[in-house]
Amino acid sequence: MTVGVLREPSFETRVALLPEHITILQKWKCDVIVEYDCGVQAFANNEAYTKSGALVLSRVEVLQKADVLLCIHPITHQDLSGFAGKVLIGQFQPLYHKDLVQHWADANKIMFSLDMLPRTTRAQSMDVLSSQANIAGYKAVILAAGKFPRYFPMFMTAAGTIPPAKVLILGAGVAGLQAIATARRLGAVVEVFDTRPAVKEEVMSLGGKFIEVEGAADASKAGGYAVEQSPEFIKRQKEKIAESVAKADIVITTAQIPGKKAPILIDDAMLGAMKAGSIIVDLAAATGGNTTCTKNNETAHINGVCIIGNSMLPSTMPFDASKLYGKNLLNFLQLFIKDGILNIDMNDDLVKGSCITENGCVVHPALIKKSEAI
Ligand code: NAD
């Protein structure tokens, strides 16, 4: 069996597989072919792939010869029609690309999107959302610290005392928890909001202060994800967040609801009450953002407050991001590659749970039912 890796679109610096991952595929009796320069922006050149045992080919050749194609972003319609193999695996975000899903089905390939994996213990090693969100949470704090016109830690010096920076984190999922840990390591005081009271202990164990808002909707049956909240809860939460936002120096927002537009947690009035020189890094920018002024992949300046809407933070650390992404892919491939032969078992909950299209049809239940995706 032949596994192929394409060069990602020009805005992307990551690559789906690094040379270090290739030995494992070879042990599984797979040949690996990669597109010329696919890893160059992740500091993996063609020579490194060749040394690891991969064959470096043109894009057309990879599309024609690979049985399984590993990607990050969806490939173009043209590439899809040129792909002669059977299986595509990536982070295709089908809930946000509803217009493309039927086209993918029509191409009659088996497409797996790892962002749709059930969030179970067994899936953890394949969870691309986690490996990449971890990077985003870390980098959000580093980015904010770099732009912040003050220190993060407290300093008592002969010239005077510097108070610690106040960091507010909205949403304590994977990115939020990593942001708490990173901000604490830099010496900041950290406050945290989340609609899921279940995260309180994790927040406290990282040294953050969890701010509770009574009456959150029960999310226990949402697979660990948040659910939409009642207007009363949103009003109460808004009042509490407003108090914290006005005191904060740095705000990292990460609140998302899968397949929906991100909730607005910071409105114009709250932005107006923030101190000049404060920084917001909005990790929900790609799905609309958590502030009224977030612009995806742009930085906005409102009354001295800097709002960074960078939704490509994992791509700013292409080496580690690709290393973790590639390992996630290998752990997933292990489910159905045996002795160089593809054996896809749709009864496996992880295989089934991440399969988007098969036999010319859209098969994922979230996509068949979904009517409200943005
Ligand atoms: P996410 O990116 O979907 O959302 C980020 C956070 O924002 C979540 O914690 C969510 O509760 C919060 N949020 C949503 N709306 C909010 C609002 N209005 N106000 C404040 N906070 C709000 O989340 P994620 O990082 O992908 O993690 C989702 C869940 O999946 C978590 O419970 C996580 O522990 C779990 N998880 C499980 C696995 C696994 O077992 N394989 C792996 C990773 C994550």
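Axes here are lines fitted to C-alpha atoms, for helices over the stretch in contact, and angles run from 0 to 180 degrees between N-to-C directions. Keep that in mind as you turn this predicted model around.

**Stop 1: the seven-stranded sheet**

Start by selecting helix H6, residues 128–147. Helix H6 lies across strand S12 (250–253), strand S13 (279–282) and strand S15 (305–308), and runs at about 155° to S13. Now add helix H7, residues 174–185. Helix H7 packs on the sheet, where it touches S9, S10 and S12, and its direction makes about 165° with that of S10.

Next, show the sheet itself. It is open, with seven strands in the order S11-S10-S9-S12-S13-S15-S14 and mixed pairing. Which strands stand at the edges? Select S11 (209–210) and S14 (299–302): each has a single partner strand, so one side of each is left without a neighbour in the sheet.

Then zoom in on S9 (residues 166–170) and S10 (residues 189–193), which pair in the parallel sense over five bridges. Show the side chains of Leu170 and Phe193: Leu170 stands opposite Phe193 in S10.

**Stop 2: the ligand**

Select the ligand and its surroundings. How many residues surround the ligand? There are 22, and the closest are Ser130, Val174, Asp194, Arg196 and Gln237. If you colour this shell by residue class, you will find seven nonpolar, eleven polar and four charged residues.

Three polar contacts are worth drawing as dashed lines:

- Asp194: a polar side-chain atom lies 2.7 Å from an oxygen atom of the ligand.
- Thr120: a polar backbone atom is 2.9 Å from a nitrogen atom of the ligand.
- Gly173: a polar backbone atom is 3.1 Å from an oxygen atom of the ligand.

Switch on a surface here, too. The ligand taken alone exposes 840 Å², and the protein buries 86% of that.

**Stop 3: the eight-stranded sheet**

Now move on to the open sheet of eight strands, ordered S3-S2-S1-S4-S5-S6-S18-S19, with mixed pairing. Its edge strands are S3 (55–57) and S19 (361–362), and each pairs on one side only.

Select S4 (residues 68–70) and S5 (residues 87–90), which pair in the parallel sense over three bridges. Within this pair, Leu69 stands opposite Leu88 in S5.

To finish, select helix H11, residues 318–333. Helix H11 lies across S4, S5 and strand S6 (110–113), and runs at about 140° to S5.

How values were computed:
Residues numbered from 1 in each chain as written. Predicted model: local features only at pLDDT ≥ 70, side-chain atom pairs only at ≥ 80, totals over all residues. Heavy atoms only, no water. Pairing = 2+ DSSP bridges. Helix = DSSP H or I, 4+ residues; strand = E, 2+ residues; numbered from the N terminus. Contact = heavy atoms within 4.5 Å. Near = heavy atom within 4 Å. Polar contact = N/O pair within 3.5 Å; in protein donor to acceptor, adjacent residues only side chain to side chain. Areas by Shrake-Rupley, 256 points an atom, 1.4 Å probe, with all protein chains shown as cover. Nonpolar A, V, L, I, M, F, W, Y, C, P; charged D, E, K, R; others polar.
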